[in-house]
Amino acid sequence: LSLSLSLAMELSAMELSAMLLSACLLCLAPSSLAIRFVLDREECFSHDVQYDGDNVRLSFVVVKMERVWHDEGSELDLFIEGPSYRREILQKSYDKFDFVAHRAGLYKFCFKNKSIYHETVDFDIHVGHIPYYEEHAKADHFEPLMTQIARLEEAIYAIRFEQHWLQAQTDRQAILNAKMSRRVIHKAILQCAGLIAASLLQVYLLRRLFERKLGTSVV
């Protein structure tokens, strides 16, 4: 009896280890993509959604523009196409949203830049999947554990997703502030140069006026 009990406990421990290992492998699955790239005219990315009903969360931010004097209008277009979802996002510098992929398959994300300047874009995408119990375990007492692990994974990524979004926004604002500071400095230098030029012109005109009056009085 004790031997049977010991074997049962060992089997339960082995099953638990297998469940935890499969959960870890699930967490390490390539369901996320975070990339920062330079957009010239058009750039496309594809992402595989493996299960029907998965939640796709994505964000993009135009972090840096090559244009020097004008940052307004630094928008781009995003076209999303998949087996069960199509969407167009036009003329936006940044956006964040999610959608449900009702059908599994390959989803394509294409960025298009209509301006003549290159733009640095930060793109982040994650496919969230909470597995059904029968996908990874048959024992009833492992079902709550698997559900909690999957939910914990999604909660951890949601935090990381928001941090990535805020960091991209911070980088964008820092670059805009730096450009604005340079503009203010350049404008101040031009104004000073204009004042100096106007002062020199006034001195020259006054000197010519006095020379003419002096010449007239001598005559």
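Visitor: Which residues are linked with R36 in a network of salt bridges?
Guide: In this predicted model, R36 is joined with D122 and D171 in a network of salt bridges.

Visitor: And how many salt bridges turn up in the whole structure?
Guide: A search of the whole structure finds eight salt bridges. As a general point, side chains of opposite charge can pair when their charged atoms come close.

Visitor: What does R160 pair with, and how far apart are the atoms?
Guide: R160 forms a salt bridge with D124, and the closest N and O atoms of the pair are 3.2 Å apart. Because R160 belongs to helix α3 and D124 to strand β8, this salt bridge ties together parts that are 36 residues apart in sequence.

Visitor: Is D124 buried or exposed?
Guide: D124 is buried, with a relative accessible area of 0%, whereas its partner R160 is partly exposed at 32%.

Visitor: What about E162, which lysine does that one meet?
Guide: E162 forms a salt bridge with K96, with 3.1 Å between the closest N and O atoms. The pair links distant parts of the chain, since E162 sits in helix α3 (residues 143–218) and K96 in strand β6, 66 residues apart. E162 counts as partly exposed at 34% relative accessibility, and K96 is partly exposed too, with a relative accessible area of 31%.

Visitor: Which residue forms a salt bridge with K92?
Guide: That is D95, and here the closest N and O atoms are 3.4 Å apart. D95 counts as buried at 13% relative accessibility, while K92 is partly exposed with a relative accessible area of 35%.

Visitor: Changing topic, in what order do the strands of the open sheet run?
Guide: Four strands form the open sheet in the order β1-β8-β3-β6, and their pairing is antiparallel. Strands β1 (32–39) and β6 (94–101) each have a single partner strand and stand at the edges, so one side of each is left without a neighbour in the sheet. On average, and with direction ignored, neighbouring strands of this sheet are turned by 15 degrees against each other.

Visitor: How many bridges hold β3 and β8 in their pairing?
Guide: Strand β3, which covers residues 54–65, and strand β8, which covers residues 119–128, pair in the antiparallel sense over ten bridges.

Visitor: What stands opposite V62?
Guide: V62 stands opposite V121, which is in β8.

Visitor: Now the cysteines: how many disulfides does the search find?
Guide: The search of the whole structure finds one disulfide. C44 and C110 form it, with their sulfur atoms 2.1 Å apart.

Visitor: Which hand does that link have?
Guide: The link of C44 and C110 is right-handed, with 110 degrees about the S-S bond.

Visitor: Where do the two cysteines lie, and how far apart are they in sequence?
Guide: C44 lies in strand β2 (residues 42–49) and C110 in strand β7 (residues 105–112), so the disulfide ties together parts that are 66 residues apart in sequence.

Visitor: Is C110 buried or exposed?
Guide: C110 is buried, because its relative accessible area is 9% and the cut-off for buried is under 20%. C44, by contrast, is partly exposed with a relative accessible area of 30%.

Visitor: And what is the relative accessible area of C192?
Guide: For C192 the value is 45%, and C192 is therefore described as partly exposed.

Terms used: Residues are numbered from 1 along each chain as its sequence is written. This is a predicted model: local features need pLDDT of at least 70, side-chain atom pairs count only at pLDDT 80 or more; totals for chains, interfaces and linings use all residues. Side-chain values use heavy atoms; hydrogens and water are left out. Two strands pair if DSSP finds at least two bridges between them. Axes are lines fitted to C-alpha atoms, for helices over the stretch in contact, and angles run from 0 to 180 degrees between N-to-C directions. A disulfide is a pair of cysteine sulfur atoms within 2.5 Å. Buried means under 20% relative accessible area, exposed over 50%, partly exposed in between (1.4 Å probe, protein chains only). A salt bridge is a side-chain nitrogen of Lys or Arg within 4 Å of a carboxyl oxygen of Asp or Glu.
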